[in-house]
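Trainee: Hi! Could you walk me through a structure today? I'd like to ask questions as we go.

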Number of protein chains: 2
Amino acid sequence: MKETLLCPRLSKAMDLLGKRWTALIVYQLIDGAKRFNEIESSLPISGRLLSERLKELEKEGIVVRTVFSEVPVRVEYNLTDKGYALKDVVGGIESWSKEWL
Amino acid sequence: MKETLLCPRLSKAMDLLGKRWTALIVYQLIDGAKRFNEIESSLPISGRLLSERLKELEKEGIVVRTVFSEVPVRVEYNLTDKGYALKDVVGGIESWSKEWL
DNA sequence: TATATTAAGTTACATAAAGTAAGCAAACAT
DNA sequence: ATGTTTGCTTACTTTATGTAACTTAATATA
């Protein structure tokens, strides 16, 4: 791939947010924890992709996963501070969409 | 595909911005017009994709294309008001990346 | 005259990512 | 023994992206 002088941190941020569903998943978690199935039913995403994205987000420290050993098992996803810091970004996208789309 | 109650405007905004390179192209144009080759050399994107993305952005009214009939031809790309309105969004991503990545 | 140059793409082809649907594990209830 | 529920995973198909070569138009150069 080409090499450019693009800021590596901006580049990485764009890699994350410019990946399908990522920003919408963060958006779903802004108001608090949600379970796997809740996110899945709120978005036109498949379980396969949702699972993949949540793993990426967890690995990046944007989301935390909590398992409750109930029957059947319950798993909740929350934003970390790092993830919650994206509130203005996703909020900004929402505002822009309301004004221009 | 699944049907959800997700706001169609937010959904469309995410479709655009959550597509690889789109936000970075807007970011490149924030400070003013750029030529095709300038954008291409500022980003690790290929001409094929850049061409495709610029067409989409033009179609959405986010970018305007201006042809100067010089030899060889010169083509400039600018943000429209709609595109420039994304300044805070891409700026927000940049700030977040500086603080958290 | 033939060849080269330059910007701004386009085309053809290979690989990677996303969509779809079916299957699985655990721990019960029937 | 069979069914139910949640949270995934697997196998397979389709779409998106990456790579590199090619095109067009209008000159300039050998």
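Mentor: Sure, let's talk about the sheets, then the contact between the chains, and then the salt bridges.

Mentor: Keep in mind that this is a predicted model.

Trainee: Got it. What is the strand order in the sheet of chain A?

Mentor: The order is S1-S3-S2, in an open sheet of three strands with antiparallel pairing.

Trainee: And which strands sit at the edges there?

Mentor: In chain A, the edge strands are S1 (34–35) and S2, and each of them pairs on one side only.

Trainee: How many bridges join S2(A) to S3 of chain A?

Mentor: Six bridges link S2(A) to S3, which covers residues 74–79 of chain A, and the two strands run antiparallel. To find one spot on screen, look for A:Val67, which stands opposite A:Val75 in S3(A).

Trainee: Okay, on to chain B. How are its strands ordered?

Mentor: Chain B has three strands in an open sheet, in the order S1-S3-S2, with antiparallel pairing. Its edge strands are S1 (34–35) and S2, each pairing on one side only.

Trainee: What do S2(B) and S3(B) form?

Mentor: S2(B) and S3(B) make a hairpin, with five residues between them. Strand S2 spans residues 63–68 of chain B and strand S3 spans residues 74–79, and they pair in the antiparallel sense over six bridges. Within that pairing, B:Val67 has B:Val75 as its bridge partner in S3(B).

Trainee: And how many bridges join S1(B) to S3(B)?

Mentor: Two bridges join S1(B) to S3(B), and these strands run antiparallel. Try finding B:Lys34: its bridge partner in S3(B) is B:Tyr77.

Trainee: Changing topic! How many residues of chain A are in contact with chain B?

Mentor: 39 residues of chain A are in contact with 39 residues of chain B. The area buried between the two chains is about 3,700 Å², and carbon and sulfur atoms give 74% of that.

Trainee: Which elements give residues to the chain A side?

Mentor: Those that give two or more residues to the side of chain A touching chain B are helices H1 (8–17), H2 (22–29), H3 (36–42), H5 (81–84) and H6 (87–100) of chain A. By class, that side has 21 nonpolar, seven polar and 11 charged residues.

Trainee: How many salt bridges are there between chain A and chain B?

Mentor: The count between chain A and chain B is zero salt bridges. There are, however, four residue pairs in polar contact between them, counting pairs with both residues at pLDDT 80 or more.

Trainee: So how can chain A be laid on chain B?

Mentor: A turn of 180 degrees with a shift of 0.0 Å along the axis lays chain A on chain B with an RMSD of 0.0 Å. The two copies are therefore related as by a two-fold rotation axis. In chain A, the C-alpha nearest that axis belongs to A:Gly18, 2.1 Å from it. The same surface serves both copies, as 100% of the contact residues of chain A recur in chain B.

Trainee: Nice. Back to salt bridges: how many are there over all chains?

Mentor: A search of the whole structure finds 16 salt bridges over all chains. One to look at is the salt bridge where the side chains of A:Lys12 and A:Glu60 meet, at 3.1 Å from N to O.

Trainee: Which parts does that pair tie together?

Mentor: A:Lys12 lies in helix H1 of chain A, while A:Glu60 is in the loop between helix H4 (47–59) and strand S2 (63–68) of chain A, so the pair ties together parts that are 48 residues apart in sequence.

Terms used
Residues numbered from 1 in each chain as written. Chains lettered and ligands numbered in written order. Predicted model: local features only at pLDDT ≥ 70, side-chain atom pairs only at ≥ 80, totals over all residues. Heavy atoms only, no water. Pairing = 2+ DSSP bridges. Helix = DSSP H or I, 4+ residues; strand = E, 2+ residues; numbered from the N terminus. Contact = heavy atoms within 4.5 Å. Buried area = accessible area lost by both parts, 1.4 Å probe. Salt bridge = Lys/Arg side-chain N within 4 Å of Asp/Glu carboxyl O. Polar contact = N/O pair within 3.5 Å; in protein donor to acceptor, adjacent residues only side chain to side chain. Nonpolar A, V, L, I, M, F, W, Y, C, P; charged D, E, K, R; others polar. Least-squares fit on C-alpha atoms with pLDDT ≥ 70 in both.
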